[in-house]
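Hi,

Here is the structure I promised to pass on. Have a look at it first, and then read on for what turned up in it.

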Amino acid sequence: MKKTYLFAFILATLAAPLYSSAQIKIPQVLKKGSSGKVTEAEAGQGVKEALSQGVLNAVLNLNKTDGFFGSNVYKMFLPEDAQKIEKTLRAAGMGAQVDKAILAINRGAEDAVAYAKPIFLDAIKQITVTDALKLVSGQKDAITQFFKSKTTAQLTAAFRPSVQSSLEKVNATKYYTDIVTSYNNLPTTFKKINPDLTGYVVDRAVAALFDQVAQEESKIRANPMGQASDILKKVFGK
């Protein structure tokens, strides 16, 4: 009977937010069930494993061909200043160069987001059992907000060199610099455009990652039983 209650209670923490009084009782309930097959450590491990699966899915959804370029949501176009000159560039016969720059920008982002995986996993490793259970029993975006607070600075710092390297690897920097330089050299150009592309791609890539994390969090909360590993089945299963 105690075991059944424990399973139901843990499942409820993932399915929907709880009242603060219930959040305080989580560790106590787990301790009461420690004599059964599911221990407090296993429950914490299950929660952290669910988070790991979620963030890995978020990274993998973007770290692939067309993760950005083929997406109606995440596809990057030219930076805002450069968008203003795109029509002029195409009219000047530089449409092919503009298209190459846009494709290369997205390919660079797709390549760079792989660097998010170890940063996310390191953040998860530092979560205590109590913290993990508070996250899943908190607000509907508690997990996403946790990752934002813990990893944004690290992601931005890690992405800058990796994005720069990725953009150079796929010639995005060259294509973009070429079209901006060509525009800046037009006799009708009075306001010059900054050819620096890295910061723009870093900001958009980080925002896309957290949006994916938010979607994965929604899936975990809506269907915790959809997790597949043995430990998750043990903790969240019947």
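Let me start with an enclosed space: α3, α8 and α10 each supply at least two residues to the lining of the largest cavity. Helices here are DSSP runs of H or I with at least four residues, strands are runs of E with at least two, and both are numbered from the N terminus.

Before more detail, please note that this is a predicted model, in which local features need pLDDT of at least 70 and side-chain atom pairs count only at pLDDT 80 or more, while totals for chains, interfaces and linings use all residues. Residues are numbered from 1 along each chain as its sequence is written, and side-chain values use heavy atoms, with hydrogens and water left out.

Back to the cavity. The term stands for a set of points, on a 1 Å grid over the protein atoms alone, where a 1.4 Å probe fits but cannot get out; lining residues have an atom within 4 Å of a point. Points are joined across faces, edges and corners, and the volume is the space filled by probe spheres set on them. By this rule there is 1 cavity of 30 Å³ or more, and the largest has a volume of about 40 Å³. Its lining is made up of L51, G54, V55, I143, F147, V213, E216, E217 and I220, with the largest share, 4 residues, coming from α10.

As for the whole protein chain, it has 11 helices and 0 strands. Of its 238 residues, 45% count as buried, meaning under 20% relative accessible area with a 1.4 Å probe, protein chains only.

What about the nonpolar core? This is a set of buried Ala, Val, Leu, Ile, Met, Phe, Trp, Tyr and Cys residues joined through side-chain atoms within 4.5 Å. The largest one holds 55 residues, and F68, L78, F120, F147, F159, I179 and V201 touch the most other members. Here too α10 gives the largest share, 9 residues. Beyond its neighbours within four places in sequence, I179 is in contact with L78, L89, M94, Q97, V98 and A101, where contact means heavy atoms within 4.5 Å.

Finally, do look at α8. This helix bends by about 55 degrees at T151, the bend being the angle between axes fitted to the seven residues ending there and the seven starting there. Among its buried residues are F147, T151 and F159. After α8 comes N171, with a positive phi near 65 degrees.

Enjoy exploring!

Terms used:
Buried < 20%, exposed > 50% of the residue type's maximum accessible area, 1.4 Å probe, protein only. 1 Å grid on protein atoms, 1.4 Å probe; cavity = no way out; pocket = protein on both sides within 12 Å on 5 of 7 lines; lining within 4 Å.
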